[in-house]
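Colleague: Could you walk me through how the labels on this one were assigned? I'd like to hear the reasoning behind each.

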Amino acid sequence: MKKALVAPSILSGNFARMGDEVKDITACGADWIHVDVMDGVFVPNLTFGFKMINDIRPLSDLFYDVHLMITEPHRYVERFVKAGADLVSFHIEAESDISGTIELVKKSGAKVGLAVNPDTDIAKIEPFIDKLDLILVMSVFPGFGGQKFIDGSLERISHAAALRDKHNKSAKIEVDGGINADNSSSIANAGADVLVAGNAVFGATDRRAAISAIRGE
Ligand code: DX5
Ligand code: ZN
């Protein structure tokens, strides 16, 4: 299996002990920390904002991969970077000024990703790929952890990887939603460089073993 990075999503962590959860998955060998920000408008759920990121930032040296599931994210991207995001991904479906927001994230000093929902044509991201550090292919409809990996996502991942190879070989492909040790190798082989996993890590009795299994070790 191609070696992919594992980014546990703290959405599946215990919010009452989030600091301990961040320290625990760091100690358990996570590569990145995936931080799901939700506004209750773009997705039917609410999580946390700048202050959560600000407060957990000192607890881990890992790469903070912030996934914005919010409308018109250009309003807030600078504040997420200031709070400690190393990378900010936003949804192509949620932003009226995609290019401007990509530039804003980069100007703020972070890496930038563009996320695409399962019912959005992958080709829609093509005009922006040369400016991206990451393409986030959703394999569930965003809003909740613990959902099932949507069939047909493997073809979408390969399509995104092919467009990346054509336009910007340095950009990573990240896949998010329903990933576990049983499907992670097929997802990595389809082209994923980063695997987000919430339930499969936080719901495991042995989180270190779960992360290694998803990585294919
Ligand atoms: C869903 C989030 C995902 C989710 C992944 O809206 O973007 O990152 O937390 O959780 P699992 O791995 O349990 O599907
Ligand atoms: Zn996410």
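Modeller: Happy to; we will take the metal site, two residues and a pocket in turn, and please keep in mind that this is a predicted model.

Colleague: What makes His34, Asp36, His67 and Asp176 protein donors of the zinc ion (ligand 2)?

Modeller: A donor is an N, O or S atom within 2.8 Å of the metal. NE2 of His34, OD of Asp36, ND1 of His67 and OD of Asp176 lie 2.1 to 2.2 Å from the zinc ion, so they count as donors.

Colleague: Why is the arrangement around the zinc ion (ligand 2) called octahedral?

Modeller: Six donors count as octahedral if opposite ones are over 155 degrees apart and all others between 65 and 115. Here the 6 donor atoms subtend angles of 72 to 176°, which makes the arrangement octahedral.

Colleague: What spacing do the donors of the zinc ion follow along the chain?

Modeller: The pattern is H-x1-D-x30-H-x108-D. Histidine 67, in strand S3 (residues 63-69), and aspartate 176, in strand S7 (residues 172-176), are 109 residues apart, and the pair links distant parts of the chain. Both histidine 67 and aspartate 176 are buried.

Colleague: How do you know whether threonine 101 is buried or exposed?

Modeller: Buried means under 20% relative accessible area. Threonine 101 has 0% relative accessibility, so it counts as buried. This residue lies in helix H4 (residues 98-107). Setting aside neighbours within four places in sequence, threonine 101 is in contact with His74, Val77, Phe90 and Glu95.

Colleague: And why does leucine 134 count as buried?

Modeller: Leucine 134 comes out at 0% relative accessibility, so it counts as buried. You will find leucine 134 in strand S6 (residues 134-138). Beyond four places in sequence, leucine 134 touches several residues, among them Trp32, Leu87, Gly113 and Glu174.

Colleague: How do you know that leucine 134 and Gly113 are in contact?

Modeller: Contact means heavy atoms within 4.5 Å. The C-alpha atoms of leucine 134 and glycine 113 are 4.3 Å apart, although the residues are 21 apart in sequence.

Colleague: What surrounds the largest pocket?

Modeller: The largest pocket holds about 280 Å³ of space. Its lining has 28 residues, with Gly145, Gly146, Gly177, Gly178 and Gly198 nearest the centre. Strand S2 (32-38), S3, strand S8 (194-197) and helix H7 (199-202) each supply at least two residues of that lining.

Colleague: How does the lining of the largest pocket divide by class?

Modeller: There are 12 nonpolar, 13 polar and 3 charged residues in the lining. Gly counts as polar, so the glycines nearest the centre of the pocket belong to the polar class.

Note on methods
Residues numbered from 1 in each chain as written. Chains lettered and ligands numbered in written order. Predicted model: local features only at pLDDT ≥ 70, side-chain atom pairs only at ≥ 80, totals over all residues. Heavy atoms only, no water. Donors = N, O, S within 2.8 Å, 3.2 Å for Na, K, Ca; no water. Tetrahedral: all angles 85-135°; square planar, octahedral: opposite > 155°, others 65-115°. Helix = DSSP H or I, 4+ residues; strand = E, 2+ residues; numbered from the N terminus. Buried < 20%, exposed > 50% of the residue type's maximum accessible area, 1.4 Å probe, protein only. 1 Å grid on protein atoms, 1.4 Å probe; cavity = no way out; pocket = protein on both sides within 12 Å on 5 of 7 lines; lining within 4 Å. Points joined across faces, edges and corners; volume = space filled by probe spheres on them.
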